[in-house]
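These are my notebook entries on a structure with bound ligands, kept in the order in which I looked things up. I begin at one ligand, go on to the other, and then turn to the protein around them.

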Amino acid sequence: MCGGALREFLDLGRQPVSDAFRAPDATDEEFFFRLAVGHCTECTMVQLLEEVPREKMFHADYPYHSSGSSVMREHFTRTARHFLDCELTGEDSFLVELGCNDGVMLRTVHEAGVRHLGVEPSAGVGEVARGKGIRVRTAFFEESTAREIAAEDGRADVVYAANTLCHIPYLDSIFRGLDAVLTGGGVFVFEDPYLGDIVERASFDQIYDEHFYFFTARSVAALAARHGFELVDVERLTVHGGEVRYTLARKGARPVAEAVGALLAEETERGLTEPATLDAFATRVAAIRDQLIALLVKLKEEGHSVVAYGATAKSATVANYCGIGPDLIPFVTDTTPAKQGKLTPGSHLPVVTPDRFASPYPDYALLFAWNHAEEIMSKESAFRASGGKWILYVPDVHLV
Ligand code: SAM
Ligand code: TMP
């Protein structure tokens, strides 16, 4: 982002588009790219080294529906209420959301009768949001989109993006767009997986095509400053395996919360973006791969049944990096209709409906959707009661 030199610290090999689930009879050649990560030796930003064209990832058939998790539905309802109570209190307040997906957050804003617009390039999920009465523009947010929105709808008090900004390589254009569409006192609030959690938990599966950047308070503060904005607040979130919600305002427009200085100091103390820290992370990742494969091979040799749970985008990285195919895992269950009946990208594990999990229960289940562990383990409590064990690989390979 700043033009500084990138230093590679992790190579996760040839990887497919993580949400490109394949029809079993598909004959077209699968797209692969090199999934490698580096850090900027100037501004410390951590990012992928190869970019997948955005149209290959975000299109009419994008299968991820945000409302699939009850925990995430509650999280976004709370987020919307916070905006309604604290930011959208004017006569004609206006909120723009980037990557509104199926309307999981905007639903509450819409129901409160507050002016809003979702900007969502994936037409299928955007249509689901429209079905809830939400205003959606089918487009990639970038400078030109922002200028059009400002001309048609006026400026926004809040621009919000959850699990979306880190998907966007072209952040210069985004910031020029924010400048065009935000009111003088408006805020840009975004939340994404936090590099601090990824390094601490060795959650290397947060690294896949869609996650282009891995933010820290330090890299976000530097990014904001280059565009006339300022990081004014940060909040650690527990969702999706550990995230940070960053609040940006125009420089000088809002007081800077103490939490910003505290997180910056913590990152410095940990040496979070120091080469030695990132190299140690890469070493742990390789060890997890070796341990996970050894466990799956051993369970197979012992004659145990092992299936996988949750065909997450993250699991593409795990399956393809570790070489987990149908020989080790006969199927993965998932609640998403658009994924069922398909094969996982690259690794070609058949995706089946959740009822297959219980008929009969396997001996072991590899929990690809570990970020929803609490919700899933409580819903599937009969699995453990039947003697079944969950296999987890974050923060290390262990059984539950
Ligand atoms: N905000 C939802 C959530 O947190 O569950 C959806 C997150 S989903 C992982 C990322 C979304 O960002 C997708 O729906 C995708 O289509 C959208 N997206 C990708 N690039 C975008 C862009 N340039 N502008 C707006 N949305 C974008
Ligand atoms: P995510 O980690 O990107 O949110 O994706 C979660 C995936 O796991 C998504 O494909 C839906 C699936 N899933 C289930 O199959 N069962 C569940 O109970 C939950 C919460 C998710």
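Entry 1, ligand 1. I looked up the polar contacts, meaning pairs of N or O atoms within 3.5 Å, where within protein one atom must be able to donate a hydrogen and the other to accept it, and residues adjacent in sequence count only if both atoms are side-chain atoms. I found an N or O atom in the side chain of N163 at 2.8 Å from an oxygen atom of ligand 1. A nitrogen atom of ligand 1 has a polar side-chain atom of Y170 at 2.9 Å, and a nitrogen atom of the ligand also lies 2.8 Å from a backbone N or O atom of G99. On its own ligand 1 has 600 Å² of accessible area (Shrake-Rupley method, 1.4 Å probe; for residues, only the protein chains shown count as cover), and the protein covers 97% of that.

I then listed the residues around ligand 1, a residue being near if one of its heavy atoms lies within 4 Å; there are 20, of which S66, G99, E120, S122 and N163 come nearest. The shell divides into 11 nonpolar, 7 polar and 2 charged residues, where Ala, Val, Leu, Ile, Met, Phe, Trp, Tyr, Cys and Pro count as nonpolar, Asp, Glu, Lys and Arg as charged, and the others, Gly among them, as polar.

Note on the source. I am working from a predicted model, in which local features need pLDDT of at least 70 and side-chain atom pairs count only at pLDDT 80 or more, while totals for chains, interfaces and linings use all residues. Residues are numbered from 1 along each chain as its sequence is written, chains are lettered from A and ligands numbered from 1 in the order in which they are written, and side-chain values use heavy atoms, with hydrogens and water left out.

Entry 2, ligand 2. Which residues come nearest to ligand 2? Of the 17 around it, they are K314, D334, K339, H372 and K379. For its oxygen atoms I noted a polar side-chain atom of Y64 at 2.9 Å, a side-chain N or O atom of N371 at 2.9 Å, and one of T336 at 3.3 Å. Taken alone, ligand 2 exposes 490 Å², and the protein buries 94% of that. Its shell holds 5 nonpolar, 7 polar and 5 charged residues, and helix α12 (residues 373-379) gives the largest share, 3 residues; helices (H or I, at least four residues) and strands (E, at least two) are DSSP runs, numbered from the N terminus.

Entry 3, helix α11. K314 also belongs to α11 and is buried there, under the cut-offs of under 20% relative accessible area for buried, over 50% for exposed and partly exposed in between (1.4 Å probe, protein chains only). Why is helix α11 (residues 314-322) largely enclosed by the rest of the structure? It is because 9 of its 9 residues are buried. They pack against β1, β2 (32-40) and α10 (275-301), with contact meaning heavy atoms within 4.5 Å. Just after α11, G323 takes a positive phi of about 75°.

Entry 4, Q15. This residue sits in strand β1 (residues 6-16) and counts as buried because its relative accessibility is 2%. A polar atom of its side chain lies 3.4 Å from the backbone oxygen of T317. Leaving out residues up to four places away in sequence, I found that Q15 touches F31, F32, F33, L35, A316, T317, N320 and Y321.
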